[in-house]
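Work through the exercises below with the sequence and the 3D view side by side. Try each task before you read its solution.

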Amino acid sequence: MVGAGGLGCPAALYLAAAGIGRLTIADADKVDLTNLQRQILYRADVVGEAKVTAARATLSAVNPDVVVVSMERKLEGEDLLAPVAAADVVLDCTDNFATRKAINRACVKARRPLVSGAAIRFDAQLMVFDLREDDAPCYACLFPEEGEVEEVQCSQMGVFAPLTGVIGALQAMEALKLLAGIGESLSGRLVVFDAKSAEWRSVRVAKDPGCSVCGGG
Ligand SMILES: [Zn+2]
């Protein structure tokens, strides 16, 4: 799991409670008072502590049998490859495109399934890229690497707190489905949720043969 913020907190709680064997969490941040509204692993008494340390304490209290590996650093570039290759499923719970792109590249290279969530203001997205499959699209098929994307982050724009809970829980759900081989994964579909209207939409996403990350382009 990359990112232990609004999405990562609920996702990690469900994964640990479910008895996932080993959960590696990477995040460089410290707990800030403004995080507590949505980052439900943390309490007021851990403000100022490293998120991964506080997260490990909470998760171990929920389920002492789960091995929680904390990496207090910003995982990026080549640094992502080893932890991604060592994981069965990767959860992208970050809030910036540069890291998202780097996680996608590492997952394509190591052929690991990627469960990607995003939430800002009242809008959210959920995607699964099962990169074990040859015909699965990757994140860059949807958001090309060379494309210009306006960077908006929760820290600047804010996010409706329960929305991160909804999407984080869905990320845990899809991760458990992938690990246990249950049902039909969301791979190849983009789910969009508008919290204001409480409406879900889902669109199919095809692999782009010209994708600069997973295709020939
Ligand atoms: Zn691609």
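**Exercise 1. Find how β3 pairs with strand β4, then place both in the sheet.**

Solution. Keep in mind that this is a predicted model.
Step 1. β3 runs parallel to strand β4 (residues 114-120), and three bridges join the pair. Take aspartate 92: its bridge partner in β4 is serine 116.
Step 2. Now widen the view. The open sheet has five strands, in the order β3-β4-β5-β6-β7, with mixed pairing.
Step 3. Look at the edges. β3 (90-92) and β7 (199-204) each have a single partner strand, so one side of each is left without a neighbour in the sheet.
Step 4. Add the twist. From one strand to the next it averages 15°.

**Exercise 2. Which strands does helix α7 touch as it packs on the sheet?**

Solution. Step 1. Locate helix α7 at residues 161-180.
Step 2. List its contacts: β3, β4, β5 (123-129), β6 (189-194) and β7.
Step 3. Compare directions. The direction of α7 makes about 175° with that of β4.

**Exercise 3. What span should helix α4 have, at 1.5 Å a residue?**

Solution. Step 1. Helix α4 covers residues 97-110, which is 14 residues.
Step 2. The expected span is 1.5 Å times one less than the number of residues. For α4 this gives 20 Å.
Step 3. Check the model. The end C-alpha atoms of α4 are 20 Å apart, which agrees.
Step 4. Inspect the start. A side-chain oxygen of asparagine 96 comes to within 3.3 Å of the backbone nitrogen of alanine 98.

**Exercise 4. Is α4 mostly covered or mostly uncovered?**

Solution. Step 1. Use the cut-off: buried means under 20% relative accessible area.
Step 2. Count. In α4, 11 of the 14 residues are buried, so by this cut-off the helix is mostly covered. Among them are Phe97, Ile103, Cys107 and Val108.
Step 3. Find what they pack against. The buried residues of α4 meet α3 (81-85), β3, β4 and α5 (139-142).

**Exercise 5. Where do arginine 121 and alanine 198 sit, and what is the sign of phi in each?**

Solution. Step 1. Recall the background. Most residues other than glycine have a negative phi.
Step 2. Arginine 121 lies in the loop between β4 and β5. Its phi is positive, near 50°. Arginine 121 is partly exposed, with a relative accessible area of 37%.
Step 3. Alanine 198 lies in the loop between β6 and β7. Its phi is also positive, about 55°.
Step 4. Add one more case. Arginine 111 follows α4 and has a positive phi near 55°.

Conventions:
Residues numbered from 1 in each chain as written. Predicted model: local features only at pLDDT ≥ 70, side-chain atom pairs only at ≥ 80, totals over all residues. Heavy atoms only, no water. Pairing = 2+ DSSP bridges. Helix = DSSP H or I, 4+ residues; strand = E, 2+ residues; numbered from the N terminus. Axes fitted to C-alpha atoms, helices over the stretch in contact; angles between N-to-C directions. Contact = heavy atoms within 4.5 Å. Buried < 20%, exposed > 50% of the residue type's maximum accessible area, 1.4 Å probe, protein only. Polar contact = N/O pair within 3.5 Å; in protein donor to acceptor, adjacent residues only side chain to side chain.
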